[in-house]
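Here's a quick briefing to read alongside the model. Have the 3D view open and click through the residues as they come up.

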Amino acid sequence: MFQLVRYLKNYKKESVIGPLFKMLEAFFELLVPLVMADMIDNGIANEDKSYIYRAALILILFGVLGLVCSLIAQYFAAKASAGFGTELRDDLFAHMNRLSYAELDKAGTSTLVTRIINDMNQVQAGVNMILRLFLRSPFIVIGALIAAFLVNVKVALIFVVAAPVLALIIYGIMVLTIPMYSKAQKALDKISLATREGLNGARVIRAFGRQKDETEEFCGDCAELLRLQKRVGKVSAVMNPLTYVVVNLAIAAIILQGGKEVDAGVITQGEVIALVNYMTQILNALVALQVLIVSFTKAVASAKRINEVLALQPTVLDKEEGELAAAGVREKSNAPAVCFSGVSFAYPGAKEEALSNLDFSVQRGQTIGIIGGTGSGKSTLVNLLPRFYDVTAGSLLINGVDVRDYPQQELRHKIGIVPQRAVLFSGTIRDNMRWGKADATDEEIEEALSIAQAKEFVDTKEGRLDYKLSQGGRNLSGGQRQRLTIARALVRKPEILILDDSASALDFATDAALRKAISERTKGMTVFMVSQRTATIQNADLIIVLEDGEVAGIGTHCDLYRDCAVYREICQSQESTEEESA
């Protein structure tokens, strides 16, 4: 929790004013028993109504002043905690965006969503409670103890015994509940994951008639969360009865001992009432402190989870500015567009390499087809080009420069990527197209749509480029989404275009028209086409055949069909399938 205090640096004034006014409110509260004692001993005992009225007015004044101080404290505490939450949330989101694929794979999407929403709310609420009660409750307890000693030392010894017992109870409950809250948050992560998978895979779940099974599994996860929450709730619930028992026993002891002192003429009746009031104030302060402890315990558990995310460091980093400025990015005009030199790659924690010893070069303007069986490393290969992952051995050069020497933003500006899964965002078609180029004109967008074979269906939509897409482009077909993602990549006119099996939902005629348009209308652009269809890549300038992460063959369609057994087997299997379909 203390590691996150730096996010209050812009709210130092609010973080000081809030607690100070809470302490001022507590000061007025501590004066009330003394006024009450004076009212009883002088006003009521002497039946002096004017004295009683004056004392009552003083009590009302203290109440009003306490209310004003409380409102001011609440305002500044809320302002500081809201600002704290905003800055931390912004920083956490920005940090997540800096993480490379390896860290995102390790953390998991569902837990990141839970941490930036639920855990953030817990921490923000914790900061609010701390600013409001962290100083007030101890001030009341310590002030009440001092006031009790000023009234009567002998009776005040009861306070000295009761206060440490109460502190021990609160500390013990806190130690027990912190790990419990962490477990409950992990159970919430699991529910978040199940919810996300259930919503994303709703069509598949219905197609297989698994609604009942998914509901039962989700109910099981919820039951586990309920069990953990009830467990921590039971432990937390013990705090109130224990503290009330201690305080009420202390009050009984005060009345018993105070009565003896009154009989002996050592103290007055009003002072006994004041001592009881001070013990009640201690109880109220500790009740508030209990709320603070519960909130603080949740906040500590959540802060720990947020710190775990902030502690994740991206493995794909740009060079230091000085080092980058010294080396510079000096592209070579006569160098290949892409050169793999002894490249190997293994995913973090994997026992085997996903790619092994890749050696090949690609000239500018060439179209490269990449094919191979499932799990052969096709997507992994193209993910190395924009540095979604860094190679573990060898070097990958673009225009004669190692990709690790480029600033990531500059490198990725050179590359247009169309992933396997077509991802669109809520907004208009124009908004989505401008992800590729923020200042793209309508003419540039229309040209990209035409090349991607998307213009035909865009023309049928109401408003055309202003047509609103729902979340994820759910109001489009799979093929339409794929064509829009291809157009989005083409808008920026990248030097290198990566099509990662991005035409799988297209029919053969549209696929052929797309390949023809890319070939004829993107002169000078180097194109990597990952596909399971041999028909899609057979006209490529160069075809790379992968098997178990290694190059099984490189060449044209005719050369590979003749010399590469793996490629020939893929072609023959697809030819057989096409004949059977016919």
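Two residues are in contact here if they have heavy atoms within 4.5 Å of each other. Take Ser356 as a starter: leaving aside its neighbours within four places in sequence, Ser356 is in contact with Val343, Ser344, Gly549 and Glu550. Keep in mind that this is a predicted model. The bullets below go through the sheet, the aromatic rings, two of the helices and the nonpolar cores.

**The four-stranded sheet**

- Four strands make up an open sheet in the order E2-E1-E4-E5, and the pairing is antiparallel.
- Which strands sit at the edges? They are E2 and E5, each of which pairs on one side only.
- As background, strands of a sheet pair through backbone hydrogen bonds, either parallel or antiparallel.
- Strand E1 covers residues 338–345 and strand E4 covers residues 393–398; five bridges hold this antiparallel pair.
- To find the register, look for Ser341, which stands opposite Ser395 in E4, and for Ser344, whose bridge partner in E4 is Ala393.
- E4 also runs antiparallel to strand E5 (residues 401–402), with two bridges joining them. One place to spot this is Leu397, whose bridge partner in E5 is Asp402.
- E4 and E5 form a hairpin with two residues between them, and Asn399 in that turn has a positive phi of about 55°.
- Back to Ser356: this residue is found in strand E2. Is Ser356 buried or exposed? It counts as buried, at 16% relative accessibility, because the cut-off for buried is under 20%.

**Aromatic rings**

- There are eight aromatic pairs in the structure.
- Phe340 and Phe360 are one of them: the ring centres are 4.6 Å apart and the planes lie at 20°, so this pair is stacked.
- That pair links distant parts of the chain, with Phe340 in strand E1 and Phe360 in strand E2 (residues 355–362), 20 residues apart.
- Phe340 and Phe360 are both buried.
- Phe345 and Tyr347 make an edge-to-face pair, at 4.8 Å centre to centre and with 80° between the planes.
- How exposed are these two partners? Phe345 counts as buried at 2% relative accessibility, whereas Tyr347 is partly exposed, with a relative accessible area of 29%.
- Elsewhere, Phe27, Phe28 and Phe62 are linked into a cluster by ring pairs.

**Helices H5 and H6**

- Helix H5 (residues 136–151) has 16 residues and reaches 22 Å from its first C-alpha to its last, close to the 22 Å expected at 1.5 Å a residue.
- Its buried residues are Arg136, Ser137, Ile140, Val141, Gly143, Ala144, Leu145, Ala147, Ala148 and Val151.
- For reading a list like that, recall that an α-helix has 3.6 residues a turn, so residues three or four places apart point the same way.
- Ile140, found in H5, is buried at 0% relative accessibility.
- What does Ile140 touch, not counting residues up to four places away in sequence? The answer is Ala26, Glu29, Leu30, Gln281, Ile282 and Ala285.
- Ile140 and Leu286 are 146 residues apart in sequence, yet their C-alpha atoms are 9.2 Å apart in space.
- Helix H6 (residues 153–200) has 48 residues and reaches 69 Å from first C-alpha to last, close to the 70 Å expected at 1.5 Å a residue.
- H6 has a bend of about 30° at Thr177, with a proline, Pro179, following within four residues.

**Nonpolar cores**

- The largest nonpolar core has 47 residues, and those touching the most other members are Phe159, Ile254, Leu275, Tyr278, Met279, Ile282 and Leu286.
- Two or more residues of this core come from each of helix H1 (12–44), helix H4 (109–133), H5, H6, helix H8 (211–237), helix H9 (239–263) and helix H10 (269–311).
- H10 gives the largest share of this core, 15 residues.
- Tyr278 touches Leu30, Pro33, Leu34, Ala144, Ala147 and Phe159, again not counting residues up to four places away in sequence.
- Apart from this core lies another one, of 43 residues, including Leu469, Leu484, Ala503 and Cys564.
- More broadly, in soluble globular proteins nonpolar side chains tend to be buried together.

How values were computed: Residues numbered from 1 in each chain as written. Heavy atoms only, no water. Pairing = 2+ DSSP bridges. Expected span 1.5 Å × (residues − 1). Bend = angle between axes of the 7 residues up to and from the residue. Buried < 20%, exposed > 50% of the residue type's maximum accessible area, 1.4 Å probe, protein only. Phe/Tyr/Trp six-rings, centres within 6.5 Å; stacked < 30°, edge-to-face > 60°. Core = buried A, V, L, I, M, F, W, Y, C linked by side-chain atoms within 4.5 Å.
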